[in-house]
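Colleague: I should like to ask for a close look at one part of this model, set against the chain as a whole. Please explain each step in a way that a first-year student can follow.

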Amino acid sequence: MAGSDCALCPAASDSGVERSAIFMDDDADICNIATFQLREIGIETRACCTASELSSSLEAHHPDLLFLDLCLGATDAIEVFALLRAHAFNGEVVLVSGQSSPVLEHARRIGTRSGINVTGVVTKPFRRPDLERVVAPKPLEFPDTSVPSPPLAESGLLTAALTEGWIEFWCQPKIDILTEDWIGGEMLARIRHPERGVVSPDAFLPGADADDLYRLALLACTAAHDFWLAASAVGREFTPAINLPGNAMQHPTLLNDLREVRRRFPRYPRLVLEVTETDLIEESSAAEEFATRAALHGFSLSIDDFGSGYATFNRLRTMPFSELKLERAVVHGCADDHAAARICRAAVELGHGFGANVVAEGVERPEDLAALRRWGFDIAQGYLFSRPLPMGGFTRRLGAMATTGPFRPLVE
């Protein structure tokens, strides 16, 4: 897909949008994702893959921002600086690169000496918060290559919950997009606090200790068996999935411990391990080793939150994944959004090209479901079908399905 026609990256609608941008990268897939994310932020964005395209765009309109990749195939950012001078470009330039900080600093100095207003940097792989940071209306010092730290969880809450046995798991169904049969589910942790009731993950997962997340993963592995057993009792085929944060993958005994949990039961389903796109890229060496060993021992790998930043597509070749899961920000409203639709179709082509199922996460509208079905998605997950269910709600829905048939879209 890389190097395909930049028609994949259309201009955003200019209705009600005050700021504008051009995103320049020689990889059309990266342009497409970045354009979509910037539009979501509220920046009218066009994409350019070549210097000639940039020159034509600047002749028509000077944007407020130019996102400029350092390496551009046949050319580079240093040559583009000369083009910007020729067009008397006076907007802000944000450098985009996977190069080291010294290279970025050299490029910044060259640009500044050339009279280019270089105001920041986005490092690859990037996520939407990185783009939000550089377009925020506050002065930025260069170089600022750090990614904002995630919000901290309530101090000690997860540790206390693990110690006191307050953790429970809920399940959000995963639906065969053609038959609407319930074919699996994602295990999602909750804390049932003795005084506060059910506590959502936002209060205890961000910034949580790596050892606590490792312990949580083992509990999720046990919960996956419990939910699978409940489904099996009513004759349902059910493939459970658990989430693995990147730092948990680095735990030296995690895979062996997951296998040990599995061995404790007479029967155990094939378990899907969901790892975010960013974790796979940022922890690439550890992730590749873990994913390969996991596949050898009968686990399946799902690349979660695909589209939240960008994955180096060639690097996906090193991951033995069986599922590609497109994030909600792309899926929601995709039936009416041309850029989101292109990302969805590209994800199907990419996933199926690797022999993987493609999952749409965050399906909430019937029109989006219909579009996803037309584009060839395999699995849907989202509030259109069900919110996450505790074990009691899970078994009741299974019982109802025994008489009603497929898991029809439901507003609860």
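Colleague: What percentage of the 412 residues of the chain count as buried? With that as background, please look closely at the packing of helix α7 and helix α9: at what angle do they pack, and how far apart are their axes? Which residues make the contact?

Modeller: The model is predicted, and every value below is computed from it. Of the 412 residues in the chain, 52% count as buried. The chain has 16 helices and 16 strands. Among contacts in the chain with a separation of 6 or more, 72% are accounted for by residues 24 or more positions apart.

Let us turn to the part in question. Two packed helices are described by the angle between their axes and the distance between the axes. Helix α7 covers residues 210–233 and helix α9 covers residues 254–263; they pack at an angle of about 25°, and their axes are 9 Å apart. Since angles under 35 degrees count as roughly parallel, α7 is described as roughly parallel to α9. The crossing in which α7 passes α9 is right-handed. On the side of α7, the contact is made by Tyr214, Ala217, Leu218, Cys221 and Thr222, and on the side of α9 by Leu254, Asp257, Leu258 and Val261. By class, these residues divide into seven nonpolar, one polar and one charged.

One residue of this contact, Cys221 of α7, merits a further remark. Cys221 counts as buried, because its relative accessibility is 0% and the limit for buried is under 20%. Cys48 is also buried, with a relative accessible area of 1%. A disulfide is a covalent bond between the sulfur atoms of two cysteines. A search of the whole structure finds zero disulfides, and Cys221 and Cys48 are therefore not joined to any partner in that way.

A second helix pair may be set beside the first. Helix α2, residues 51–60, packs with α3 at an angle of about 20°, and the axes of these two helices are 11 Å apart. The angle is under 35 degrees, and α2 and α3 are therefore roughly parallel to each other. The crossing of α2 and α3 is right-handed. Here Ala51, Leu54, Ser55 and Leu58 of α2 meet Val80, Leu83 and Leu84 of α3. The contact of α2 with α3 has six nonpolar residues, one polar residue and no charged residues.

After α3, which spans 77–86, comes the loop to β6 (92–97), and Ala88 is placed in that loop. Phi of Ala88 is near 55°, a positive value in a residue other than glycine. Ala88 is exposed, since its relative accessible area is 57% and the limit for exposed is over 50%. Glu180 also has a positive phi, near 60°, and is likewise a residue other than glycine. Glu180 is found in the loop between β8 (167–176) and β9 (182–193). In contrast to the exposed Ala88, Glu180 is buried, with a relative accessible area of 11%.

Strand β9 follows that loop, and Arg190 has its place in β9. Arg190 counts as buried, at 13% relative accessibility. When its neighbours within four places in sequence are left aside, Arg190 is in contact with Trp166, Ile167, Glu168, Trp170, Val198, Val199, Ser200, Pro201, Phe204 and Pro388. The C-alpha atoms of Arg190 and Ala203 are separated by 9.7 Å, and these two residues are 13 residues apart along the chain.

Two further pairs of residues have a wider spacing in sequence. Val134 lies in helix α5, residues 128–135, and is buried, with a relative accessible area of 2%. Val134 and Phe67 are 67 residues apart along the chain, and their C-alpha atoms are separated by 9.9 Å. Asp76 is found in strand β5, residues 75–76. Asp76 is partly exposed, because its relative accessible area of 28% lies between the limits of 20% and 50%. The C-alpha atoms of Asp76 and Asp26 are separated by 9.8 Å, with their positions 50 residues apart along the chain.

To return to the request: α7 and α9 pack at an angle of about 25° with axes 9 Å apart, and the buried Cys221 is one of the residues that make their contact.

Note on methods. Residues numbered from 1 in each chain as written. Predicted model: local features only at pLDDT ≥ 70, side-chain atom pairs only at ≥ 80, totals over all residues. Heavy atoms only, no water. Disulfide = S-S within 2.5 Å. Buried < 20%, exposed > 50% of the residue type's maximum accessible area, 1.4 Å probe, protein only. Axes fitted to C-alpha atoms, helices over the stretch in contact; angles between N-to-C directions. Helix = DSSP H or I, 4+ residues; strand = E, 2+ residues; numbered from the N terminus. Parallel < 35°, antiparallel > 145°, perpendicular 65-115°, else oblique. Left-handed = near helix turned anticlockwise from the far one by under 90°. Contact = heavy atoms within 4.5 Å. Nonpolar A, V, L, I, M, F, W, Y, C, P; charged D, E, K, R; others polar.
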